[in-house]
Amino acid sequence: RELGVMLSSAEPIQLGGGIGIGYCLAATNGNGANALLNDNTSVALVGRLEVSVDDLVRVGGGYLLNDRTDGELPNLFEESDSGFSVDLQFDWRGLELFGQYTSLVTGFPTAGVRNQEQTALHGQISYRIDALPFTFAPGYRFAMFDPHAEASRADSSDADDMGLVYHTAGLRIWIPETPITTLIDYTIAGEETGSREVQNNRFEAIVQIIW
């Protein structure tokens with residue numbers, strides 16, 4: 001959460017034929033979550049645009065631009081973030097697909113060193129089954145994060161050891177017209193083979209009540 005202002009469409013703007021467009025534009029202090037003051041005189045600019053077709057397909061994309069000042073007086077350093085994200089959601093007769101790709105490039109004009117590029121992606125699939133007195137949806141999710149993408153890999157001797165890969169199998173159970181939903185999942189978390197590899201698989205169970 002950052003302090004700022006935002007302009008967005010409350011509902012998708014309907015263009016006819018089931019096609020809708022939504023947008024969001026924001027200017028924030030760009031200084032991180034719950035920070036009262038900005039770190040410099042620049043604001044962070046964020047924009048998003050998405051197109052939907054009925055309740056079947058939604059395609060979206062966003063862009064971030066933020067000039068930051070880091071460090072402690074008198075040693076301050078200028079850094080700049082620019083990033084984009086694209087996503088796709090598909091929902092048809094109980095089949096749900098969702099995928100997203102994100103890239104963030106950080107520049108260091110004060111230090112004059114090479115840019116750092118970070119990339120992440122994830123994709124998930126689930127299927128809703130209504131044949132029993134309760135409804136359940138098994139699902140699978142794959143996620144990957146690379147803090148040193150190809151453009152900056154040469155700047156870190158152990159960059160190959162810092163990639164993260166996650167495989168998650170999950171199950172969502174609920175009874176229609178009741179406020180209780182149960183979510184169960186197991187994640188296999190894997191670091192790239194090397195000095196940073198740890199055993200950190202996890203099991204999670206959540207009971208959600210909405211009223």
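This passage describes the strands, pockets and selected residues of a predicted model.

Three strands give a starting point. Strands β3 and β4 run antiparallel and are joined by 10 bridges. Within this pair, L25 stands opposite G47 of β4. Strand β4 also pairs with β5, again in the antiparallel sense, over nine bridges. Here V53 stands opposite V57 of β5. The hairpin of β4 and β5 has three residues between its strands. One residue of this hairpin, D54, takes a positive phi near 50 degrees.

Residue T28 belongs to strand β3, which covers residues 19-28. T28 counts as buried because its relative accessible area is 13%, and the cut-off for buried is under 20%. Its side chain makes a polar contact of 2.6 Å with the side chain of E2. A polar atom of the T28 side chain also lies 3.3 Å from the backbone nitrogen of G30. Leaving aside residues up to four places away in sequence, T28 touches E2, L3, G4, V43 and A44.

The start of the chain presents another case. R1 lies in the segment before β1, a strand that spans residues 4-8. R1 counts as exposed because its relative accessibility is 82%, and the cut-off for exposed is over 50%. R1 and G30 are 29 residues apart along the chain, and their C-alpha atoms are separated by 9.8 Å. Beyond residues up to four places away in sequence, R1 touches G32, A33 and N34.

N34 itself lies in the loop between β3 and β4. Its relative accessible area is 66%, so N34 is exposed. N34 is not a glycine, yet its phi is positive, at about 60 degrees. Most residues other than glycine have a negative phi, and most peptide bonds are trans. R93 also has a positive phi, of about 50 degrees, and is not a glycine. This residue is found in the loop between β6 and β7. R93 counts as exposed because its relative accessibility is 69%. A further backbone feature involves a peptide bond. L73 and P74 are joined by a cis peptide bond, with omega about 0 degrees. P74 is placed in the loop between β5 and β6.

Strand β5 holds R58. R58 counts as buried because its relative accessibility is 18%. Two side-chain polar contacts involve this arginine. One joins R58 to E50 at 3.5 Å. The other joins R58 to Q89 at 2.9 Å. Both partners also appear among the residues that R58 touches, not counting those up to four places away in sequence. The full set is R48, E50, V51, S52, D87, L88, Q89 and F98. Between the C-alpha atoms of R58 and F136 the separation is 23 Å, and the two residues are 78 residues apart along the chain.

Two pockets were examined. The largest pocket holds about 450 Å³ of space. Its lining consists of 22 residues. Of these, Q124, S126, G139, Y140 and R172 lie nearest the centre. Several strands contribute to the lining. β6 (75-92), β7 (95-108), β8 (113-127), β9 (135-146), β10 (164-174) and β11 (180-191) each supply at least two residues. Strand β10 gives the largest share, with five residues. By class, the lining of the largest pocket has 11 nonpolar, six polar and five charged residues.

The second largest pocket holds about 230 Å³ of space. It is lined by 13 residues. Those nearest its centre are V46, G47, R48, G62 and Y63. G47 is the residue of β4 that L25 stands opposite, and R48 is among the residues touched by R58. The strands β4 (44-53), β5 (57-72), β6 and β7 each supply at least two residues of this lining. The lining of the second largest pocket divides into six nonpolar, six polar and one charged.

Conventions. Residues numbered from 1 in each chain as written. Predicted model: local features only at pLDDT ≥ 70, side-chain atom pairs only at ≥ 80, totals over all residues. Heavy atoms only, no water. Helix = DSSP H or I, 4+ residues; strand = E, 2+ residues; numbered from the N terminus. Buried < 20%, exposed > 50% of the residue type's maximum accessible area, 1.4 Å probe, protein only. Polar contact = N/O pair within 3.5 Å; in protein donor to acceptor, adjacent residues only side chain to side chain. Contact = heavy atoms within 4.5 Å. 1 Å grid on protein atoms, 1.4 Å probe; cavity = no way out; pocket = protein on both sides within 12 Å on 5 of 7 lines; lining within 4 Å. Points joined across faces, edges and corners; volume = space filled by probe spheres on them. Nonpolar A, V, L, I, M, F, W, Y, C, P; charged D, E, K, R; others polar. Pairing = 2+ DSSP bridges.
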